[in-house]
Amino acid sequence: MFKIEASDPLGGVLSYQWYKGTPPDTSTPVGINDPNLTIAVNVAGDFGNYYCAVSNGEATVDSEVAELFEKATMGYWPLDGNANDLSGNGLHGTLVNSPDTITGKVATALDFHDPNEYATLPAFDRPDFFTISAWVKTNAGGLRHIYTWGNDTGEELTAALFRINDGVLEYGEWDGGTYANLTAGSGLNDGQWHHVAVTFNSTAVELFIDGLSANSGTVDTLFSVASGVSLGNLAETDGFINSIQGALDDVKLINYPMTAKEIADIYVAVEGSVCLGNPQYDYNQNCIVDMADFAMFAAQWLSCNIYPDCVPFE
């Protein structure tokens, strides 16, 4: 519940009008003439900013903006033989050209190995805040789309793209003339399973590979309104364009930018652990300093490379 406290020093009667949005936007009035606003949140559309316009009949003053937000899964596609959404939001997908069901990282997965295999999802706009998480396996070069929003209702296709580009993870936005993106890593088209994720917070973007942050930066907001959404293909196009040509498993769309720990936990839940960085003296690079590292150190004990005491000058 939101509550506004206001008074008129002249003793006038105050009226209250709540709006969803930020001043001066009055396109979405909500509530009644009441200093309290109660919202029973049951859909993601209720999330957002709210403010109250208070009037004494002579003048109107806007309150500070308050945000209503609840962490939630917007879409969850396990891809266990179909593209059904298990989030409860009904974003069930349609498989195009019958991809194979294979053993995945989490139960089974869908193998979109043919170029014309992918899944379409119901259209919904790209959120202002989100996380996409997915397991992916491909050995294809070029542009390989994982999850995309698209709009082809104008003269040029516009899109928001989460994909692998010649083995490099990428999130980008295209407005038909300008493309802004962030990239990370390499070699993701090695034919092995990798966990990939992107977090988006207005313009702040962070990319994750196999449980760890791989790069962060800003990407200009060039896209928002979608007429199509796709798993494994460039959305809202006639037929396939740069489809994944590989396997996808356990794809999730979350309505907020997850923390690094939350994303690491997704990876650890499947792989068991993740190395957060090799400690000093970890000579064999197994993320533990132990007797094996000591043995490697001891093998070089008293090694000398001083001229002329130990070695000739060459």
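**Exercise 1. Find what Cys304 is joined to, and describe the bond.**

Solution. Start with the sulfur atoms: a disulfide joins Cys304 to Cys310, with an S to S distance of 1.8 Å. The cut-off behind that call is a pair of cysteine sulfur atoms within 2.5 Å. Next, take the torsion about the S-S bond of Cys304 and Cys310, which is about 85°, so this disulfide is right-handed. Last, check the cover: Cys304 counts as partly exposed at 29% relative accessibility, and Cys310 counts as partly exposed at 39%. Here buried means under 20% relative accessible area, exposed means over 50%, and partly exposed is in between (1.4 Å probe, protein chains only).

A word on the ground rules before going on. This is a predicted model, where local features need pLDDT of at least 70, side-chain atom pairs count only at pLDDT 80 or more, and totals for chains, interfaces and linings use all residues. Residues are numbered from 1 along each chain as its sequence is written, and side-chain values use heavy atoms, with hydrogens and water left out.

**Exercise 2. How many disulfides does a search of the whole structure find, and what pattern do they follow?**

Solution. The search turns up two disulfides. Besides the bond in Exercise 1, Cys275 and Cys287 form a disulfide, with their sulfur atoms 1.9 Å apart. This pair links distant parts of the chain, twelve residues apart, with Cys275 and Cys287 each in the loop between α1 (260-271) and α2 (291-298). Helices here are DSSP runs of H or I with at least four residues, strands are runs of E with at least two, and both are numbered from the N terminus. The torsion about the S-S bond of Cys275 and Cys287 is about 85°, so that disulfide is right-handed. Cys275 is partly exposed, at a relative accessible area of 28%, and Cys287 is partly exposed at 28%. Now count the bonded cysteines along the chain, and the pattern reads 1-2, 3-4.

**Exercise 3. Work out how spread out the protein is.**

Solution. First the inventory: the protein has two helices and 22 strands. Its radius of gyration is 26 Å, well over the 20 Å that the globule rule gives for 314 residues, so the protein is more spread out than a compact globule. The radius is taken over C-alpha atoms, and the rule is 2.2 Å times the number of residues to the power 0.38. Then look at the axes: the C-alpha trace spans about 95 × 55 × 40 Å along its principal axes. Buried residues make up 39% of the 314 residues. Finish with the contacts (heavy atoms within 4.5 Å): of those with a separation of 6 or more, 58% are between residues 24 or more positions apart.

**Exercise 4. Is Ser63 buried or exposed, and which residues does Ser63 touch?**

Solution. Locate Ser63 in the loop between β6 (60-62) and β7 (66-68). With a relative accessible area of 16%, Ser63 is buried. Leaving out residues up to four places away in sequence, Ser63 touches Ile4, Tyr51 and Cys52. One of these partners, Cys52, counts as buried at 0% relative accessibility. For a sense of scale, go to Leu157, in the loop between β14 and β15. The C-alpha atoms of Leu157 and Ser63 are separated by 40 Å, with their places 94 residues apart along the chain. Leu157 counts as partly exposed, at 23% relative accessibility.

**Exercise 5. Which peptide bonds and phi values deserve a look in the backbone?**

Solution. Keep the background in mind: most residues other than glycine have a negative phi, and most peptide bonds are trans. Take the peptide bonds to begin with. The one from Pro23 to Pro24 is cis, with omega near 5°, and Pro24 sits in the loop between β2 (15-20) and β3 (29-30). A cis peptide bond also joins Tyr307 and Pro308, with omega about 10°, and Pro308 lies in the segment after α2.

Now phi. Leu79 has a positive value, near 60°, and is placed in the loop between β8 (73-77) and β9 (94-96). Leu79 counts as buried, at 1% relative accessibility. Ala107 has a positive phi near 60° too, in the loop between β10 (100-103) and β11 (108-112). Ala107, though, is exposed, with a relative accessible area of 55%.
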